[in-house]
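Student: I have a structure open and want to learn how to read it. Where do we start?

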Amino acid sequence: MAEQPVDVESGGQNVAGETPAAEPEAVTDDTTVHDDDVELERTIGLTGGLAIGIGTMIGAGIFVFPGLAADSAGLAATLSFAIGGLVALLVALPTSELATAMPRSGGGYYFISRGMGTAYGAIVGLGLWLGLVFASAFYLVGLGHYAHAVFIELGIDLPVSPVIGIGLLFGVVLTALSIGGTENTATIQNVVVGILLVVLTVFLSYGVLDALGVFGRESAPEAFFSRGYFPVLTTAALVFTSYLGFAQVATVAGEIKQPGRNLPLAMVGSVLVVTVFYIVTIFVATSAFGADRLGQFGETAMVEVARDFLGLPGAIAILGAGLLATFSSANASILSASRAVYALSRDALLPRKASEVNLRYGTPHVALLAAGGPILVLVATGQVELLAEVASFLHLVMYGLMCVALIVLRRRDPEWYSPSFRVPGYPVLPGVGALASFGLIAFMQPTSIGLGIVVMLVSYLWYRYYAGDVTLKGDI
Amino acid sequence: MTDRPSILVPIRVLEGESVPEGVPALLANAHVVLLGYHVIPEQTALGQAQMQFEDRANSRLDEYEELFEDAGATVERRLVFTHDGQRTLDRMTTEHDCLAVLVPNAAGAVDDVLVAIRGAVGIDRLARVVAGVFGPTGATVTLYHVADETETDQDIQTLLDGMTQRLTDLGMEAASVETRIEREQNALDAIVDAADASDAVVMGESDPSLATFVFGMPAAQVADRFLGPVLVVQRETVPEREE
């Protein structure tokens, strides 16, 4: 069991006089070791890691986006998802290297604050928290659409659309469950992801065979770039929200067993798995209906696709799967957001109070409320595409900076930086990763970009005001 | 600490569990691996609980460490925050090469010790624990075996004699070792009944696996019903698990 020393020194204090919590002494396969013989047990294995990654991602790409993407890019939406997957992979590899060098909780925020300093760290960290808040809100609105579809299926005609109301309700329920629940959530997550993958594999296999004409039906042939070339990129920027989950694996890096092996496998593996599923899904969906009709079905287009193939049972299966998937994505994102708050508070960038654990349940109620509260506000807007894009924007900034941080660290080559996984094709691959991440931002709607920039600015000002003296950068 | 058997003493330090009365005296001749652990829900980052509870947990462990040291034991201690208590116990057992885990129930003066013997497997470790912990105290050790129909008295006597031999080799007085054979009773009930007359129980882990010791295996059930301290001798650890 190789012990990996941790030699990052943090210092300074914030406005409230709090200093960053002490860094651990060493990292082993099974624990994070602090002084005084205090150890933090690593309990998440490879399966758990993959389930976090896949579980967070698969909800959006399959159950919310197909209709929206086909509407804006036509059949070429397949290509948009492929581009998204490629960018995610370009970032997942550098992230893996950073995570094996610094297998600590906090993910991208931790890497960037240690590699590039507190200012970047603060922007990314606060951005990560809010990015996850936007993402959770997006999943919850998606969940609302699925619940609405259930009502329609049952023939219950509601006078007003229940989408936002249900999203809000589940936002409250999830936050409350996270604060008061002590069930084995990781096991549940593994099971949910397993069920989803089985349902989708069956459904998509059938769909592919059908699309290839095995069942003797004509599928709708169509021009690939029916909406032109440019929308392929804007759609890629929109659907990138479907690829945010792999970084969530890094936010629990401190709890992953054998981080040197499991972190890269979980991150790269989950990106590859969901990319394949997304591309096949869009292919199947567009060949069933053609992009135009698919686009009209909106967020719950997949239900209609399933109905077309397999009748009512198919529609019900996909409805159930969609509820489950958006629910698990929202849940995973709320938990990650609370981890982000903790990481910031540990480093004195947010009040220490924010990471307080309550005695009754042993859960971080303040951090969870700091995630759940803003989520409700955002859900109330009901703007699926805007929420998705802002979430993507904030994540893409972090992804780009992670690639930059990797290059910075490799060049300075501090003694404590000894990743067990090294990215292939350095410096080209992380360089392209950074460019691709920042590049994708350019294809977003102006409103999303504007909102994203405002969040970053506010984050920076907060850092200057609250924690200007805190240093987190690793020693050279 | 060469001859002292390493005994793991797990304490859920923040849930009001403490070192019960009599336990330090019981382990006076052992090398105590004092494990304070705190199981937290998965929603909570381990470091978060550590930040808040470390000081409190450590000050309690300080007290416990002193109790054991005052009684004469050598002590090594760890504080672990975990999502999975069982995993932590297993890892500690392996890492610190613990022969046995103590189920910490209160103990009085220990004059009679019941040693439940299943079979020849692991008997060597059992002997090291018994001789190491109770040898120097002069307590009477009763080797106890619950037989099934297929075993002849002779088989069992050979088994128990072998154990007695080992114990005397390890420096115990032959006079303080007794043997007893029980038939016609379910093993668990038999052990609990026999334990009533004793002050402490030493037994092996039961067959299934390491993974079940604390939460409901025979050893734990014995501990629940006996209400005295139980030393559960761990099987030889197999090198590293998967994942």
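Burial, confidence and strands

Tutor: Start with burial. This is a predicted model, and of the 476 residues in chain A, 60% are buried. In chain B, buried residues make up 55% of 243.

Student: What secondary structure does chain A have?

Tutor: Chain A has 16 helices and four strands. Its radius of gyration is 22 Å, close to the 23 Å from the globule rule for 476 residues, so chain A is as compact as a globular protein of that length. Along the principal axes, its C-alpha atoms fill a box of roughly 70 × 50 × 45 Å.

Student: And what is the radius of gyration of chain B?

Tutor: Chain B has 18 Å, which agrees with the value near 18 Å for a compact globule of 243 residues. The box for its C-alpha atoms is roughly 60 × 40 × 30 Å along the principal axes. Its secondary structure comes to seven helices and nine strands.

Student: How should I read contacts along the sequence?

Tutor: Look at sequence separation. Take the contacts in chain A with a separation of 6 or more: residues 24 or more positions apart account for 80% of them. In chain B, that share is 83%.

Student: What supplies the accessible surface of chain A?

Tutor: Carbon and sulfur atoms supply 66% of the roughly 16600 Å² that chain A exposes. For chain B, the accessible surface comes to about 10500 Å², and 46% of it belongs to carbon and sulfur atoms.

Student: How far can I trust the coordinates?

Tutor: Where pLDDT is low, the predicted coordinates should not be read in detail. Chain A has a mean pLDDT of 87, with 94% of its residues at 70 or more. Chain B has a mean of 84, and 91% of its residues reach 70 or more. For the whole model, ipTM is 0.83 and pTM is 0.85.

Student: Which element of chain A has the lowest mean pLDDT, and which the highest?

Tutor: Strand E1 of chain A, residues 4-5, has the lowest, at 58. Helix H15 of chain A, residues 428-441, has the highest, at 94.

Student: Where does pLDDT stay under 50 in chain B?

Tutor: Over residues 207-216. The model has 25 contacts beyond four places in sequence for that stretch.

Student: Now strands. How do I read their side chains?

Tutor: In a regular strand the side chains alternate between the two faces of the sheet. Take strand E9 of chain B, residues 230-233. B:Val230 and B:Val232 point one way, while B:Leu231 and B:Val233 point the other way. All four are buried.

Student: Which strands are joined to E9(B) by bridges?

Tutor: Strand E4 of chain B, residues 100-103, is joined to E9(B) by four bridges, and the two run antiparallel. There, B:Val101 has B:Val232 as its bridge partner. Strand E8 of chain B, residues 200-204, is also joined to E9(B) by four bridges, but this pair runs parallel. B:Val202 stands opposite B:Leu231 in E9(B).

Student: How many bridges join E6(B) to E7(B)?

Tutor: Six bridges join strand E6 of chain B, residues 140-146, to strand E7 of chain B, residues 177-182, and the strands run parallel. The chain crosses from E6(B) to E7(B) through helix H5 of chain B, residues 153-169, and this β-α-β crossover is right-handed. One bridge pair to inspect is B:Tyr144 with B:Arg180 in E7(B).

Student: Last topic: backbone angles. What counts as unusual?

Tutor: Most residues other than glycine have a negative phi, and most peptide bonds are trans. Chain A has cases that depart from each pattern. The peptide bond from A:Tyr426 to A:Pro427 is cis, with omega near 0°. A:Pro427 lies in the loop between helix H14 (384-412) and H15 of chain A.

Student: What is phi of A:Asp413, and where does A:Asp413 sit?

Tutor: Phi of A:Asp413 is near 50°, a positive value in a residue other than glycine. A:Asp413 is in the loop between H14 and H15 of chain A.

Student: And A:Gln258: where is its place in chain A?

Tutor: A:Gln258 is in the loop between helix H9 (245-251) and helix H10 (259-289) of chain A. Its phi is positive too, near 40°. At 24% relative accessibility, A:Gln258 counts as partly exposed, because the cut-off for buried is under 20%.

Notes:
Residues numbered from 1 in each chain as written. Chains lettered and ligands numbered in written order. Heavy atoms only, no water. Pairing = 2+ DSSP bridges. Right-handed = clockwise from strand over helix to strand, strands pointing away. Rg over C-alpha atoms; globule rule 2.2 N^0.38 Å. Buried < 20%, exposed > 50% of the residue type's maximum accessible area, 1.4 Å probe, protein only. Contact = heavy atoms within 4.5 Å. Areas by Shrake-Rupley, 256 points an atom, 1.4 Å probe, with all protein chains shown as cover. pLDDT = per-residue confidence, 0-100.
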